[in-house]
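Hi everyone, thanks for coming. Please take a look at the model on the screen, and I'll walk you through it step by step.

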Amino acid sequence: MKFYISTTGIKRVTISNSSGGGGEGSKGAVVAATGAAAARGRLTSRTLLPVVLVLGIVLPFLFVRAAFLVLESASASSSCSSPLDCIGWRLFSGGDTSQKLREELTRALMEVKDGNSVEGGIKGSLESFNELVKEMTSKQQDIKAFAFKTKAMLLGMEQKVHSAKKRELMYWYLASRGVPKSVHCLCLKLAEEYAVNAMARSRLPPPEHVNRLSDTSFHHVVLLTDNVLAASVVISSTIENAANPEKLVFHIVTDKKTYTPMHAWFAINSLKSAAVEVKGLHQYDWSQEVNVGVKQMLEIHRLIWSHYYNNLKEEDFEYEGENKNCLEALSPSCLSLMNHLRIYTPELFPHLKKIVFLDDDVVVQHDVSSLWTLDLNGKVVGAVVDSWCGENCCPGRKYKDYLNFSHPIISSNLDPDRCAWLSGMNVFDLEAWRRTNITTSYHKWLKLSLNSGLTLWQPGVLPPTLLAFEGHVHPIDPLWHVAGLGYRSSSAHGEILEAAAVLHFTGPAKPWLEIGSPEVRTLWNRHVNFSNSFIRKCRILG
């Protein structure tokens, strides 16, 4: 007997006897036939597996495609007579359908964009995306209705965002005009100390320094302020950075209500090197002419402010862009007696020849003694005209930002794009001032504004001052005075802030307010004496 096995599989089995009988031959044939049938069965099983895999991939795709077309046909019923018509010929032609759907959506959006009204109005618009989805799926609306409802919802959201931004800016502006509780507390505590403590009522300056008040060989600094904390920072920063602090003499002029706390602060916190004089307006003995002039000046400024306020429009209350100046013109400082009195500086200090005038919202960073030796070339005031960023670079403080150039009196005499000189850190030659008619010219412009319907300029101290000092300004180095701090954003950064001799917080966010920028407030806070008992009691924090 012989037994053969193939190496590639049992496809054929042959069993034979060497002697080859007939009975045995028929048995071999049966076995061979049986093996062939088994081989065919095994071949069919291997072929079936790839077929099942292919169907497993294709059938889900066909199902998803058919379901998508059914939904698409239901939402776009206007383009097909029946859902079956849309499904049949589009089952394997998705490119044309997508293009048609895109064109239809674009056409609907353009119709909504060009339309002047929104279906249902903005007030009835949906509040959220989930509501939009629920609305569209429940009512099975077309693409055009979807576009209209989306537009209404977006317009409603835009109005809410705009309104919230407007309120936030207004609240920020209003917060800048209030007096912080801590600053008010400081005045009350010092006024109480003035009443009960003899040291707080001691003479300023001490008797040994009284002769310095009118000695022109000393460096005289003038402040007109009713803010005790701010005045303390101005004086302490000036002394700290002075090369010869013993040559400094500070003249503080304040109103009657602030005189006692101001006097108490500098009497208790006496300065060993520099001399400080605190004088209230009630202590001046002015002539009748000056008293009448001051009264008329304040009355005209009040009328200008009232006229401006009564003619404001709703869009003027947006504290951004060009409307920023509109709200700043309504600042209480525009009616402050302390601010308007600077035009009477020669009358306030009749014995002085040259002074440096500082606002109470500045901080001194470097020695300023060379300002008293500065040659003004016969001019009355030395001031920064061009900014640190270059010639004619003075964003937000050109003449057109203060004066009304639609009026012929203004437009015929001045250039609207001319830079206005900075007020707040100035050198005044009082002798040259007395030889001019600047104060008289100031009053003439006020009366001219009154007779012109109060429309020549916005409310404020600077506009009539620019007109009165026309031709009497000597430009100085821009790094003497860097302004623009106190706004929500400042263009001066880094090296410019460090190099500036005087930093000026001209914006609404004064450094003693919490709404100011922490990075910039640090430059001011470093000169606040936080170890002082009155500062701690009133919880004045840096």
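**A walk through the model**

Let's begin with the outside: the chain exposes about 29,600 Å², and carbon and sulfur atoms supply 57% of that area. Please keep in mind that this is a predicted model. How much of the chain is buried? Of its 542 residues, 42% are buried.

Now for the building blocks. You can count 19 helices and 11 strands in the chain. If we take contacts between residues at least 6 apart in sequence, 73% of them join residues at least 24 apart.

Next, please find the sheet. It is an open one made of 7 strands, in the order 5-4-3-6-9-8-10, and its pairing is mixed. Which strands stand at the edges? They are strand 5, residues 275–280, and strand 10, residues 473–476; each has a single partner strand, so one side of each is left without a neighbour in the sheet. From one strand to the next, the twist averages 25°. As a reminder for those new to this, strands of a sheet pair through backbone hydrogen bonds, either parallel or antiparallel.

We can see both kinds here. Strand 3, residues 219–224, runs parallel to strand 4, residues 248–254, and 6 bridges join them. H219, for instance, has L248 in strand 4 as its bridge partner. Packing on the sheet is helix 7, residues 228–240, which touches strand 3, strand 4, strand 5 and strand 6; the direction of helix 7 makes about 170° with that of strand 4. Helix 8, residues 256–268, lies across strand 4 and strand 5, and runs at about 160° to strand 5.

Let's move along to strand 8, residues 381–384. Are its residues buried or exposed? V381 and A383 on one side, and G382 and V384 on the other, are all buried, which leaves both faces of the strand covered. With strand 9, residues 425–429, strand 8 runs antiparallel, joined by 2 bridges, and V381 has F428 as its partner there. With strand 10, strand 8 pairs in the parallel sense over 4 bridges; here the partner of G382 is H474.

Finally, back to the surface. L48, V51, V52, L55 and L59 make a nonpolar patch of about 460 Å². L48 is found in helix 1, which covers residues 22–75. Why does L48 count as exposed? Its relative accessibility is 53%, and the cut-off for exposed is over 50%, so L48 qualifies.

That's my tour, and thanks for listening!

Key
Residues numbered from 1 in each chain as written. Predicted model: local features only at pLDDT ≥ 70, side-chain atom pairs only at ≥ 80, totals over all residues. Heavy atoms only, no water. Buried < 20%, exposed > 50% of the residue type's maximum accessible area, 1.4 Å probe, protein only. Contact = heavy atoms within 4.5 Å. Areas by Shrake-Rupley, 256 points an atom, 1.4 Å probe, with all protein chains shown as cover. Pairing = 2+ DSSP bridges. Axes fitted to C-alpha atoms, helices over the stretch in contact; angles between N-to-C directions. Patch = residues over 30% accessible without salt bridge, like charges linked within 9 Å, V, L, I, M, F, W, Y side chains within 5 Å. Salt bridge = Lys/Arg side-chain N within 4 Å of Asp/Glu carboxyl O.
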